[in-house]
Amino acid sequence: MPTPSKIVEILSAEDLRRTVTRLASQIIERTRDLSHLVLVGIYTRGVPLAELLARQIEILEGIDTPVGALDITFYRDDLDQIGLRTPAKTNIPFDLTGKTVVLVDDVIFKGRTIRAALNAVNEYGRPEVIRLAVLVDRGHRELPIHPDFIGKQLPTAKEEVVKVYLQDWDSKDAVELIGY
C-alpha cells in the first residue's frame, strides 16, 4: 500500500460516541417491537459497532438486545479482487426467523459486502425484516443497496479510504479519511 498523502479525522472519539447514540435512537424509533430486535455485526468493525449499539439501546430502553457476528467471506462475489482472507467465525446463537434484524457495518462503499451479508443471513432463519445500519456511507454504490440508518454521509473519491477505529479492536475511537 502506498504512503498516505493526507489523513483527515472525520469523527473524533466524542463525535463517534454521539453518532452511536443517534444511531441507537433511530433504531429504537423505527423498531415496532424491541423484543424482536437483534443486531448482527459484519466482521470486522461491524461486530464491535453492533455491541456498542446494543449497549446504547440498553442504556436508553433497558432492553438487552442480542448481538451476533457474521463472516461473509464465502458469500462474496469479488474474492478475486479483494485478495485472500482468513474467515472469522460466524456467531449467531439465535434463530433469526420472525426477528427484526439490523445488519451493522462500519463503512458502506460499493454494496458488495452487504449483498453477501444478505445471502449469509438466510442460513440463520427468515427474518421478518432486515435493516442496515452503517457508521459511514461513502457513496460509489455498484448495487442498489441503501442503509436505513447512517451515522455520517461522507462523499469521497474512489481512491480514498475511510478507516474506522473502535476501542475494542484498535485501542482508540476515531474515523479517518485517508488520501493517496
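The paragraphs below lead through the two sheets, the helices packed on them and the nonpolar residues between them.

The model is a predicted one, in which local features need pLDDT of at least 70 and side-chain atom pairs count only at pLDDT 80 or more, while totals for chains, interfaces and linings use all residues. Residues are numbered from 1 along each chain as its sequence is written, and side-chain values use heavy atoms, with hydrogens and water left out. Helices (H or I, at least four residues) and strands (E, at least two) are DSSP runs, numbered from the N terminus.

A good place to begin is with the sheets. Strands of a sheet pair through backbone hydrogen bonds, either parallel or antiparallel; here two strands are taken to pair if DSSP finds at least two bridges between them. One open sheet is built from 5 strands in the order 3-2-4-5-6, with parallel pairing. Strand 3 and strand 6 (149-153) stand at its edges with a single partner strand each, so one side of each has no neighbour in the sheet. Ignoring direction, neighbouring strands of this sheet are turned by 25° against each other on average, where axes are lines fitted to C-alpha atoms, for helices over the stretch in contact, and angles run from 0 to 180 degrees between N-to-C directions. Within this sheet, strand 4 and strand 5 pair in the parallel sense over 8 bridges, and threonine 100 has valine 129 in strand 5 as its bridge partner.

Valine 129 deserves a closer look. At 26% relative accessibility, valine 129 counts as partly exposed, a class that lies between buried, which is under 20% relative accessible area, and exposed, which is over 50% (1.4 Å probe, protein chains only). Not counting residues up to four places away in sequence, valine 129 touches Lys99, Thr100 and Val101, contact being defined as heavy atoms within 4.5 Å.

The other open sheet has 3 strands in the order 1-8-7, and its pairing is antiparallel. Its edges are strand 1 and strand 7, each with a single partner strand, so that one side of each is left without a neighbour in the sheet. From one strand to the next the twist averages 25°. Strand 1 and strand 8 are joined in the antiparallel sense over 5 bridges, and the bridge partner of leucine 11 is valine 175 in strand 8. Helix 1 packs on this sheet, where it touches strand 1 and strand 8, and its direction makes about 45° with that of strand 1.

Helix 1 also lies across strand 2, strand 4, strand 5 and strand 6, running at about 150° to strand 6. The expected span of a helix is 1.5 Å times one less than its number of residues, so the 18 residues of helix 1 (residues 13-30) should span 26 Å, and the end C-alpha atoms are indeed 26 Å apart. Leu16, Thr19, Val20, Leu23, Ala24, Ile27 and Ile28 of helix 1 are buried, whereas glutamate 14, at 35% relative accessibility, counts as partly exposed.

Some of the buried residues can be followed into a nonpolar core, meaning a set of buried Ala, Val, Leu, Ile, Met, Phe, Trp, Tyr and Cys residues joined through side-chain atoms within 4.5 Å. The largest such core has 29 residues, of which Ile27, Leu39, Leu53, Val102, Leu135 and Val175 touch the most other members. Its largest share, 6 residues, comes from helix 1. Leaving aside neighbours within four places in sequence, isoleucine 27 is in contact with Leu37, Leu53, Ile57, Val102, Ala133 and Phe149. Apart from this core lies another, of 20 residues, among them Val101, Ile108, Val134 and Ile150.

Helix 4 (residues 112-121) lies across strand 2, strand 3, strand 4 and strand 5, running at about 155° to strand 4. Its buried residues are Ile114, Ala116, Ala117, Ala120 and Val121. Seen down the helix axis, these fall within an arc of 160°, so they line one face of helix 4; the arc is that of the directions from the helix axis to the C-beta atoms.

Loops can hold buried residues too, as threonine 65 shows, in the loop between helix 2 and strand 3 (67-70). At 4% relative accessibility, threonine 65 counts as buried. Leaving aside neighbours within four places in sequence, threonine 65 is in contact with Leu37, Val38, Leu39, Ala54 and Ile57.
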